[in-house]
Structures are given as structure tokens and as C-alpha cells.
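Here are some exercises to try with the model open in your viewer. Have a go at each task before reading the solution under it.

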Amino acid sequence: MATKKLFDADAYLCEFDAKVVACEKAEGKEGIYKLVLEETAFFPEAGGQSPDKGIIHLAEDKEKAAEVVDVQIDKENIIYHYVDKEFEKGSKVHGILDFEHRYSHMQQHTGEHIYSGLVNKLKGYNNVGFHLSDSIVTMDYDGVLTMDEVRSIEKMANDCIYKNLDVLCEFPSEEELKNIKYRSKKELSGDIRIVTIPGYDVCACCAPHVHKTGEVGILKVMSCENYKGGVRLSILCGSRALEAFSNKQDALSEVAHILECSQESAAENTRRIMNEVSRLKGELAAARTELMNVRLEAVEKSLENVIMFTEAVPANIIRNAVNKLVAEHAGICAIFNGNDEEGYQYIIGSAQKDVREAGNLLKEKFNARGGGSPKMVQGSVQAGSSQIKEALGM
Ligand SMILES: [Zn+2]
């Protein structure tokens, strides 16, 4: 028999008494039981919304309490509470919802109806995907919205919140239903629950809603991205929006403090600093190239083998330098870039000798990484400069 849904009549009911119809071990879930009650205020996972949380305890013994870890509903409208304790069939229990969690869901869901109703009214798009979890609310529309449209609908949705309109949840008769134009995600059968926000939205929906639009508090669109030919919006309402605002305020305040500027000019200042960093990087690379050229010119031309140690020089400059050395010295030319503490990146080249031997020496002695051809090897090694020189006999 279908479970009586107490949340249909009263979305604010957060405690209730009920009789246990059945309780059995949940398949594949260690220590979890599937509990069926005659009636319940726990809203199951449905229509993209995650289920309610809370506890259920024996009516005469508060200590015998189980946590409700999941709530599901089947085609026969039987609601299953997944709980971490077993209850006897026929026993009387008392359920207590985590109402803060439920109320947040109600705020988000009513907010979604307001926004989707406006999108449908103004653009004719449908909400073809809805997801309301404990951390995120997303809506997928089957048409594209520009950022200007997203913002202007957001403004209208908040106007609807300020108006503090009634949110009506009703089960119209079949006759009445024929004359009602309502939004719906799928073909519905049986008793259809219609949620109306006068002037804004009429939609078939089974979820709990707030009584007044004012309770949504605020609706803020957090992101809008192209999705399957339409857009996916993510929104925050009520207490979640306040929490997000606080987090962003803290983050931006810290950035402004670091940059020693106002929050309003933080982006502009960051851009200025990033441009400066990029200019300095260019200047530094030019200076390093020049310095490398000076060092290369200072190398005794008569030397057969050359070994150099550098620090923080870009790889392309090192490679060019090794090529220059190889052109002027017949033996082995090696540049190690790094420092004794953190190790070195190396490139070793030669016009006439097989430099893989030098590479292998580094591997044998210091467990170095790397490889290459007879004319050039490269890799990394964790060793001090004097140890490297000694190992290579240079
Ligand atoms: Zn809904």
C-alpha cells in the first residue's frame, strides 16, 4: 500500500508519529535496513532532488534511534527509509527531520520554480533537467540565454521574492486540470500536484515548497554555461546564497588586503600585476640569454670538453647554448641547470663522441633520469656539482 505523504499537506511538519509496516535488511548495504511506515514526513529522492535527512526512534524509547541515510520511493508510491537500525513490524516510531536541511531544499526548489517560470514565460524554454543536491542547484533549459537575459531574469525573480506572494500547492480534479496550463517535465498520470506562484509560474511538482516567495530570501545565479544546445544555470537561494556571499566576501577581502587596494579595484590591480609579471619574465629571459652568451664567450676555445653549471635558465636557452658549445669543442659539452639542494636538469651534447656513456654514468652513480641519442642526452639528476664533475671526469 502507498505510504501516506505527510509533506504534501504540510511542508513544515518536521516531527511525526507512525507505525512500522515493514523493516528488512537492505540488499548489498551492510548494517542498513529498509523501513516502511504507514505515513512519513521524509521526502524521498525524486525529480532530481536529494532526499531528506533525520532520525527515526522508537516512540517509547528515544535511545533506540536510527539515522535516516537515504529515502527512496517506488512505482507503487511506497517510501523506503534506509536506516542504520532494525525496527519491529507493528511498532510505533517517531520521526524527526533535519529541518534546516529540508528548509534549504524548499528555498532552493521554490526559487527554481520562480526562475524557470520566468524563463518559460519570456523565452518559451523548458526546464529539461533539474538537480538539487546538498551543495548545488542546476537547471538545464532547452534554449540559449545571454548573460544580459540571465541577469534581467534574476532581477525579476528577486522582485517576485520581495512581493512575498503565496505559493499554492494543490491537487486539482481531472476536470479542473483540463483548464489549467502548467509546466511539466514528463507526461503525468494519477493525482497531479500543481504548484502555483500567481503571475509567475504554474508547474506540476511533488516536492515541498515554502508558503511565501519571501522565504526564498534571495536568488543568485552563480554560473551559466552552454549545455546540449541550451544552457545550464546554477543558482543559490536563501541561506546557501548567504553562505556563498560570506565566503566570497572573505576571499575578496583577503585579495584586496594583499594587493593593498579596495575590493572594487582588486581585479584591475591583479591584471596590472600580471602584465608586469609577464613583462619582467620577458626582460629576465633576455638578460639570462645575454649572460649565457657572455659565459659562452669566456670559455677557453682550446678546451676539448666543457662543463657548466647554471641556475634558473629556461630550457630553450640551455639547449641553444649546448649547440653553440658543440660547434666549437670536439669533446663532451654539458650544461647542468639547477642547484645542489634541488638537483639539476642537464643537457649533454657532442659532435664526435657518444654522450649516452656520460648519461649512463650519471644513471649508475646518482640514479639520474633521462635519455637521448649518441649526439645529445638530457634528463635530471639529484647530486652536487662537484660530485657530478668527478663522476664525469671533467
Ligand atoms: Zn518542482
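**Exercise 1. Place Asp201 in the fold, decide whether it is buried or exposed, and find its charged partner.**

Solution. Start with the strand: Asp201 belongs to β13, which covers residues 201-204. Keep in mind that you're looking at a predicted model.

Next, check the cover. The relative accessible area of Asp201 is 5%, and buried means under 20%, so Asp201 counts as buried.

Now look at the side chain. Asp201 makes a polar contact of 2.7 Å with the side chain of Arg183. The pair also qualifies as a salt bridge, with an N to O distance of 2.7 Å. Arg183 sits in the loop between α4 (174-178) and β12 (194-197), 18 residues away from Asp201, so this is a link between distant parts of the chain. Arg183 is buried too, at 12% relative accessible area.

**Exercise 2. How many salt bridges does the whole structure hold? Then work through the pair Arg151 and Glu154.**

Solution. The count first: a search of the whole structure turns up 16 salt bridges. As a reminder of the principle, side chains of opposite charge can pair when their charged atoms come close.

Step two is the pair itself. Arg151 and Glu154 meet at 3.3 Å, N to O. Both residues are in helix α3 (residues 147-162), and their spacing of 3 residues is about one turn of that helix.

Step three is exposure. Arg151 is partly exposed, with a relative accessible area of 37%, whereas Glu154 is buried at 10%.

**Exercise 3. Which parts of the chain does the salt bridge between Asp166 and Lys212 tie together?**

Solution. Begin with the geometry: the side chains of Asp166 and Lys212 form a salt bridge of 3.0 Å, N to O. Now find the two ends. Asp166 is in the loop between α3 and β11 (168-170), and Lys212 is in the loop between β13 and β14 (219-227), so the pair ties together parts that are 46 residues apart in sequence.

Then look at the accessibility. Asp166 comes out partly exposed at 37%, and Lys212 is partly exposed as well, at 32%.

**Exercise 4. Two residues other than glycine, Ala312 and Asn367, have a positive phi. Find where each one sits and how exposed it is.**

Solution. Some background helps here: most residues other than glycine have a negative phi.

Take Ala312 first. Its phi is near 55°, and Ala312 is located in the loop between β16 and α7. With a relative accessible area of 41%, Ala312 is partly exposed.

Now Asn367. Here phi is near 60°, and the residue lies in the loop between α8 (356-366) and β19 (369-372). Asn367 counts as exposed, because its relative accessible area is 68% and the cut-off for exposed is over 50%.

**Exercise 5. Which residues form a negative surface patch, and which ones make a nonpolar patch of about 230 Å²?**

Solution. For the negative patch, pick out Glu311, Asp340, Glu341 and Glu342. One of these, Glu311, can be found in the loop between β16 (306-310) and α7 (315-328). That's the loop you visited for Ala312.

For the nonpolar patch, select Ile273, Met274 and Val277, which together make up about 230 Å². Met274 is part of helix α6, residues 266-298.

**Exercise 6. What C-alpha separations do you find for Pro44 with His81, and for Glu283 with Gly143?**

Solution. Pro44 is in the loop between β4 (39-40) and β5 (54-58), and it is buried, with a relative accessible area of 3%. From its C-alpha to that of His81 is 8.3 Å, with the two residues 37 apart along the chain.

Glu283 lies in helix α6 and is partly exposed at 46%. Its C-alpha is 48 Å from that of Gly143, and the two residues are 140 apart along the chain.

Notes. Residues numbered from 1 in each chain as written. Predicted model: local features only at pLDDT ≥ 70, side-chain atom pairs only at ≥ 80, totals over all residues. Heavy atoms only, no water. Patch = residues over 30% accessible without salt bridge, like charges linked within 9 Å, V, L, I, M, F, W, Y side chains within 5 Å. Areas by Shrake-Rupley, 256 points an atom, 1.4 Å probe, with all protein chains shown as cover. Salt bridge = Lys/Arg side-chain N within 4 Å of Asp/Glu carboxyl O. Lys, Arg positive; Asp, Glu negative; His and termini not counted. Charge placed at Lys NZ, Arg CZ, Asp CG, Glu CD. Helix = DSSP H or I, 4+ residues; strand = E, 2+ residues; numbered from the N terminus. Buried < 20%, exposed > 50% of the residue type's maximum accessible area, 1.4 Å probe, protein only. Polar contact = N/O pair within 3.5 Å; in protein donor to acceptor, adjacent residues only side chain to side chain.
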